[in-house]
Amino acid sequence: MIYKVYYQENRFEVPVRENTKSLYVEASTEREVRHHLKDRNYNVELVQLLEGQHLEYEQASQDYHVETLETR
């Protein structure tokens, strides 16, 4: 499944909507996504599952690049 993660780059700053960034992660669960990102200094605002037409819309974006979780 593909998840879209909305985040701020610094977890210690107050969130500002204009500074919100996003990335796409392929994982089985939202929990795996959060675990994958825990070592980064991100303030994760939202992890959203993308399906159907919403996923197709996001895939059409030039900024669409999916991170795949490495199995350990």
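1. Among contacts in the protein between residues at least 6 apart in sequence, those joining residues at least 24 apart account for 66%. The model under discussion is a predicted one, and the remarks below should be read with that in mind.

2. As to secondary structure, the protein has 2 helices and 4 strands, and these elements follow one another along the sequence in the pattern β-β-α-β-α-β.

3. On overall dimensions, the radius of gyration of the protein is 12 Å, which agrees with the value near 11 Å that a compact globule of 72 residues would have. The box that the C-alpha atoms fill, taken along the principal axes, comes to roughly 35 × 35 × 15 Å, and a reader may wish to consider the two descriptions side by side.

4. Turning to burial and surface, buried residues make up 25% of the 72 residues in the protein. The accessible surface amounts to about 5500 Å², and carbon and sulfur atoms contribute 44% of that area.

5. Concerning charge, the protein carries 9 positive and 14 negative charges, and the mean positions of these two sets lie 6 Å apart.

6. One residue may be taken individually: Arg 31 is placed in helix 1, which spans residues 30-37. Arg 31 counts as exposed because its relative accessibility is 72%, where the cut-off for exposed is over 50%. Between the C-alpha atoms of Arg 31 and Val 47, which are 16 residues apart along the chain, the separation is 9.4 Å.

Notes: Residues numbered from 1 in each chain as written. Predicted model: local features only at pLDDT ≥ 70, side-chain atom pairs only at ≥ 80, totals over all residues. Heavy atoms only, no water. Rg over C-alpha atoms; globule rule 2.2 N^0.38 Å. Buried < 20%, exposed > 50% of the residue type's maximum accessible area, 1.4 Å probe, protein only. Contact = heavy atoms within 4.5 Å. Areas by Shrake-Rupley, 256 points an atom, 1.4 Å probe, with all protein chains shown as cover. Lys, Arg positive; Asp, Glu negative; His and termini not counted. Charge placed at Lys NZ, Arg CZ, Asp CG, Glu CD.
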